[in-house]
Amino acid sequence: MSTATPARTPPRLLRVRRTERLTPEMLRVTLAGPALAGFPLDSAGAHIKLMFAREGQVDPVLPTLGPDGPIWPPAHLKPILRTYTVARYDEAAGELDVDFVLHGDDGIASRWAARARPGDAIGVAGPGGPPRFQPGADWHLVIGDPSALAMVASVLEGLPAEARGYALVEVPNRHEIRPLPVPGTVELRWLSRDGATAGDSRLLLQAVQRLPWLPGRVSVSLAGESAQVVAIRDHLLRERGVARADLYAVPYWKDRHTEEAYHEERHRLMDEVAEAATAGE
Ligand SMILES: Cc1cc2nc3c(=O)[nH]c(=O)nc-3n(C[C@H](O)[C@H](O)[C@H](O)COP(=O)(O)OP(=O)(O)OC[C@H]3O[C@@H](n4cnc5c(N)ncnc54)[C@H](O)[C@@H]3O)c2cc1C
């Protein structure tokens, strides 16, 4: 896992090379193009910003990079932004995979992915984001929902062969279960909501509360729907004494809220936990 800050590069205009249905509600989109050259190696699991064309545009109009940061096109041309994860970057093949939850046509990203055809254009900025796990920890707890499966898979793949711990993944139904690269000493548990609403579910929280705690320092990688990420994060910090520095906890989305509606709240929640850590909680 690379933690180095990548050199600043302007967003890349990439095109769909192919798509692959991983499960009924998960689509892998493989992106390629000359602009992918120089994409940081070892970036699986890192955050990327996707830039989608607005209605009426064929290709998105991407910002350029000025000395003080991005220079955006005027508001009516500005691309629509969503945050996703690098599922795989293959330098030799010149391919970048992004795994999309297909949650319906009410989200621009989900709708774009469901209709993606070879040649369709998208902008990609990044990769970036904090480290997803601490390789030197005594054991690992990896927690997510389908939106976080690329992060979960990258952490499991990056763990040493003898790493110990648990991976807990909540899915909307059993059809979303798929093979993951789990070290033999990590126990993977799938939890199915059987169609219940994500925002009301507490399956992951209950599973964490019941976990037999292993001795030593734990590294936690946690992402998914906001309500459970926040509840699990608070449980880990306050009741399990997990150190903030050993906790990657990012609410990836919020039930019944678009990214535009949720963006500010996510940043407030993440600032809150940073302050709690400074205060020694
Ligand atoms: C760091 C980071 C990494 C992420 N990586 C990934 C990734 O690799 N793959 C991925 O699929 N998502 C990922 N997400 C989550 C993704 O950004 C959000 O799900 C985003 O809201 C999707 O945008 P949209 O345009 O499809 O829907 P929006 O316009 O944002 O929302 C429309 C409606 O769909 C609902 N909705 C949004 N996401 C989901 C979902 N996952 N399941 C069910 N309903 C949903 C919303 O609650 C809302 O009601 C990541 C988020 C972050 C912050």
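The domain assignment splits this chain in two: domain 1 covers 12-128, and domain 2 covers 139-278. Keep in mind as you look around that this is a predicted model. If you take the C-alpha centres of domain 1 and domain 2, they sit 24 Å apart. The two domains do touch, though: 13 residues of domain 1 are in contact with 13 residues of domain 2. On the domain 1 side, three strands, β1 (12-23), β6 (80-85) and β8 (95-101), each give at least two residues to the touching side. Sort that side of domain 1 by class and you get six nonpolar, four polar and three charged residues.

Now let's turn to the ligand. The shell around the ligand takes at least three residues from each of domain 1 and domain 2. There are 26 residues around the ligand, and the ones that come nearest are Thr-85, His-103, Gly-107, Ala-109 and Tyr-252. Which elements help build this shell? At least two residues each come from β6, β8, α1 (108-115) and β14 (247-253). Strand β6 gives the largest share, with four residues. You've met β6 already, since β6 also supplies at least two residues of the side of domain 1 that touches domain 2. As for the chemistry, the shell has 10 nonpolar, nine polar and seven charged residues.

Next, find a pair of helices, α3 (residues 203-210) and α4 (residues 226-238). Their axes come within 9 Å and cross at roughly 15°. Angles under 35 degrees count as roughly parallel, and α3 and α4 are therefore roughly parallel to each other. The crossing of α3 past α4 is right-handed. From α3, the contact uses Leu-204, Leu-205, Val-208 and Gln-209, while α4 brings in Gln-228, Ala-231, Ile-232 and His-235. By class, that makes five nonpolar and three polar residues, with no charged ones in the contact of α3 with α4.

Finally, zoom in on two spots in the backbone. Most residues other than glycine have a negative phi, and most peptide bonds are trans. With that in mind, look at Gly-126 and Pro-127: a cis peptide bond joins them, with omega at about 10°. Pro-127 belongs to strand β9 (residues 121-128). The other spot is Asp-42, which isn't glycine but has a positive phi, near 60°. Where does Asp-42 sit? You'll find Asp-42 in the loop between β2 (26-32) and β3 (47-52).

Key:
Residues numbered from 1 in each chain as written. Predicted model: local features only at pLDDT ≥ 70, side-chain atom pairs only at ≥ 80, totals over all residues. Axes fitted to C-alpha atoms, helices over the stretch in contact; angles between N-to-C directions. Parallel < 35°, antiparallel > 145°, perpendicular 65-115°, else oblique. Left-handed = near helix turned anticlockwise from the far one by under 90°. Contact = placed C-beta atoms within 7 Å. Nonpolar A, V, L, I, M, F, W, Y, C, P; charged D, E, K, R; others polar. Domains from an automatic or database assignment. Near = placed C-beta within 6 Å.
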